[in-house]
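Thanks, everyone. Let's walk through one protein chain together. Please bring up the model.

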Amino acid sequence: MARKRPKIPPPDITGQLADVLCRMGALLLRYGCSTFRIELCVREAAESYGVHAEVFAVPTALTISLDREGCEPALRLVRIHEWSTALDRLEETDIVFNQIL
């Protein structure tokens, strides 16, 4: 009879993932990306790692809450003090963000 393996909890990546997603989302906000696109991208990126995300973006702030079964939840808030429309930087950041997905 085969031995049953003990259930090993998944590695706790929520904190590190929250840091990365918060930084990427803040860059997208700073360079003029629309808030609904940032919310969508951050949510999809988190889900690609098996993590549930709640994201709220406004032009001056980004809030990210990540939750994964068996791991500590992570919450990040970043304020955006300066922003502009920088299409070249927005495009570069968007390319990197899409590579994460």
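One term before we start. An axis here is a line fitted to C-alpha atoms, for helices over the stretch in contact, and angles run from 0 to 180 degrees between N-to-C directions. With that in hand, look at helix 2, residues 35-48. Helix 2 lies across strand 1 and strand 2. Its direction is at about 160 degrees to strand 1.

Please keep in mind that this is a predicted model.

Now the overall plan. How many helices and strands does the protein chain have? There are 3 helices and 3 strands. Start at the N terminus and the order reads α-α-β-β-β-α. The protein chain has 101 residues, and 35% of them are buried. Its accessible surface is about 6900 Å². Carbon and sulfur atoms hold 55% of that surface. Next, take the contacts with a separation of 6 or more. Of these, 59% join residues 24 or more positions apart.

On to the sheet. It is an open sheet of 3 strands, in the order 1-2-3, and the pairing is antiparallel. Which strands sit at the edges? Strand 1, residues 52-58, and strand 3, residues 74-79, each pair on one side only. On average, neighbouring strands in this sheet are turned by 5 degrees against each other, direction ignored.

Let's zoom in on strand 1 and strand 2. Strand 2 covers residues 61-67, and 7 bridges tie it to strand 1. A hairpin makes the connection, through 2 residues. Two positions to click on: alanine 53 stands opposite leucine 66 in strand 2, and phenylalanine 56 has threonine 63 as its bridge partner there.

Now the two faces of strand 1. In a regular strand the side chains alternate between the two faces of the sheet. Here, Ala53, Val55 and Ala57 form the covered face of strand 1. His52, Glu54, Phe56 and Val58 form the uncovered one. So alanine 53 is on the covered face, and phenylalanine 56 is on the uncovered face, as the alternation would have it.

Next, helix 1, residues 14-30. Helix 1 lies across strand 1, strand 2 and strand 3. It runs at about 155 degrees to strand 2.

Helix 1 also takes part in a salt bridge. The count for the model is 1 salt bridge. Which residues form it? Arginine 76 pairs with aspartate 19, and their closest N and O atoms are 2.6 Å apart. Arginine 76 belongs to strand 3 and aspartate 19 to helix 1, so to speak distant parts of the chain, 57 residues apart. Are these residues buried or exposed? Arginine 76 has 25% relative accessibility, so it counts as partly exposed. Aspartate 19, at 42%, is partly exposed as well.

Last stop: threonine 14, also in helix 1. Its relative accessible area is 2%. Buried means under 20%, so threonine 14 is buried. What does it touch, beyond residues up to four places away in sequence? The answer is Val51, Leu66, Arg68, Cys71, Glu72 and Ala74. The side chain of threonine 14 also reaches the backbone oxygen of glutamate 72, at 2.6 Å. Leu66 is a familiar name by now: it is the residue opposite alanine 53.

That's the tour. Over to you for questions.

Technical notes:
Residues numbered from 1 in each chain as written. Predicted model: local features only at pLDDT ≥ 70, side-chain atom pairs only at ≥ 80, totals over all residues. Heavy atoms only, no water. Helix = DSSP H or I, 4+ residues; strand = E, 2+ residues; numbered from the N terminus. Buried < 20%, exposed > 50% of the residue type's maximum accessible area, 1.4 Å probe, protein only. Contact = heavy atoms within 4.5 Å. Areas by Shrake-Rupley, 256 points an atom, 1.4 Å probe, with all protein chains shown as cover. Pairing = 2+ DSSP bridges. Salt bridge = Lys/Arg side-chain N within 4 Å of Asp/Glu carboxyl O. Polar contact = N/O pair within 3.5 Å; in protein donor to acceptor, adjacent residues only side chain to side chain.
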